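Student: Could you pick one part of this model and go through it closely with me? I'm new to this, so please tell me what the terms mean as you go.

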Amino acid sequence: MPSGNPSRRQPAVIAPSILSADFARLGEEVRRLEAGGADWVHFDVMDNHYVPNLTMGPMFCEALRPLVRIPLDVHLMVENPDPLIEAFADAGADILSVHPESTRHLDRTLQLIRDRGCRAGVVLNPASPLNWLDHVLERVDLVLLMTVNPGFGGQSFIEPMLDKVRALRDRLDARAAAGGSSIRLQVDGGVNPSNIGLIAAAGADTFVAGSAVFGSPDPDGGYAGVIARLKASAGVTHQA
Ligand code: DX5
Ligand code: ZN
């Protein structure tokens, strides 16, 4: 059974992560995602300090921004994210999410994201407790629950995270019922057409998928088929 009251949910969003895209053809890849029905493009930014991998900075965002109209969802896995927040906002990012332990002053960082006109997200690693959200939800548009340890695509979904999704769904529903703003519940890591239904039933409404999307191209190289399968399995009946 779905956790909480699904009628209160925001429309589901599929956000493919370009971490698993062909980096030699990133422009083509993001166009194919949009043409295939992706709702957002998920950007994994890694600095080789916060996580043991190194990916893309604001210049990628700036280069790709004019190619698509869908929101650019930037997941910052970096130490000291504040300077990069300015740069990504200038580069056209729409959503910026940070890990609490990566910044000395989380409240200030979230305020900075919103001051720059972006939606603000907080990301919790698998072992990070939900009570880290206690005093910041007023400044948050999205909570991202990591369902793998951050740093690499292609890892397996950590099953016990389903209980964490349910617990957060109950908390967000209670908050919305009390008149609070609606906050998206995003999951990231190991999401695929076989498990997305369970994750949606647990209460997630926003789904990152990297290897599941880029590992299953259509015969013409597009991604409409796998995105449609993800949406159907997540129970999506309409676009965000
Ligand atoms: C991991 C990243 C994820 C990753 C997801 O640190 O935050 O966004 O790209 O990839 P899959 O869907 O392959 O687990
Ligand atoms: Zn991510």
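Tutor: Let's start with Asn-48, which sits in the loop between β2 and α2 (58–64). Those labels come from DSSP runs numbered from the N terminus: helices are H or I runs of at least four residues, and strands are E runs of at least two. The phi angle of Asn-48 is near 65°, a positive value in a residue other than glycine. Asn-48 counts as partly exposed because its relative accessible area is 46%, and the scale works like this: under 20% is buried, over 50% is exposed, and partly exposed lies in between, using a 1.4 Å probe and protein chains only.

Before we go on, this is a predicted model, so local features need pLDDT of at least 70, side-chain atom pairs count only at pLDDT 80 or more, and totals for chains, interfaces and linings use all residues. Residues are numbered from 1 along each chain as its sequence is written, chains are lettered from A and ligands numbered from 1 in the order written, and side-chain values use heavy atoms, with hydrogens and water left out.

Now step back along the chain into strand β2, where you'll find His-42. His-42 is buried, since its relative accessible area is 0%. Asp-44 is buried too, at 4%. The side chain of His-42 makes a polar contact with that of Asp-44 at 2.9 Å, and another with the side chain of His-75 at 3.4 Å. A polar contact here is a pair of N or O atoms within 3.5 Å; within protein, one must be able to donate a hydrogen and the other to accept it, and residues adjacent in sequence count only if both atoms are side-chain atoms.

What holds the zinc ion (ligand 2)? Its coordination comes from His-42 (NE2), Asp-44 (OD), His-75 (ND1) and Asp-188 (OD), at 2.0 to 2.3 Å. Donors are N, O and S atoms within 2.8 Å of the metal (3.2 Å for Na, K and Ca), and water is not among the atoms, so sites may look incomplete. Along the chain, the donors of the zinc ion follow the spacing H-x1-D-x30-H-x112-D. The site has 6 donor atoms with angles of 69 to 166°, and is octahedral. For that label, six donors need opposite ones over 155 degrees apart and all others between 65 and 115; four donors are tetrahedral if all angles lie between 85 and 135 degrees, or square planar by the six-donor rule, and anything else is irregular. For comparison, ideal angles are 90 or 180 degrees for six octahedral donors, and 109.5 degrees for four tetrahedral ones.

Some of these names come back around ligand 1. A polar side-chain atom of His-75 lies 3.2 Å from an oxygen atom of ligand 1, while for an N or O atom in the side chain of His-42 the distance to a ligand oxygen is 3.5 Å. Gly-151 joins in through a polar backbone atom, 2.8 Å from an oxygen of ligand 1. Taken alone, ligand 1 exposes 380 Å², and the protein buries 100% of that; such areas come from the Shrake-Rupley method with a 1.4 Å probe, and for residues only the protein chains shown count as cover.

Which elements give two or more residues to the shell around ligand 1? They are β2 (41–46), β3 (72–77) and β8 (206–209), and β2 gives the most, with 3 residues. There are 20 residues around ligand 1, and Asp-44, Gly-154, Asp-188, Gly-210 and Ser-211 come nearest; a residue is near if one of its heavy atoms lies within 4 Å. By class, the shell has 8 nonpolar, 10 polar and 2 charged residues. Ala, Val, Leu, Ile, Met, Phe, Trp, Tyr, Cys and Pro count as nonpolar, Asp, Glu, Lys and Arg as charged, and the others, Gly among them, as polar.

One last stop is Asn-80, in the loop between β3 and α3 (82–90). Like Asn-48 with its positive phi, Asn-80 is a residue other than glycine with a positive phi, here near 55°.
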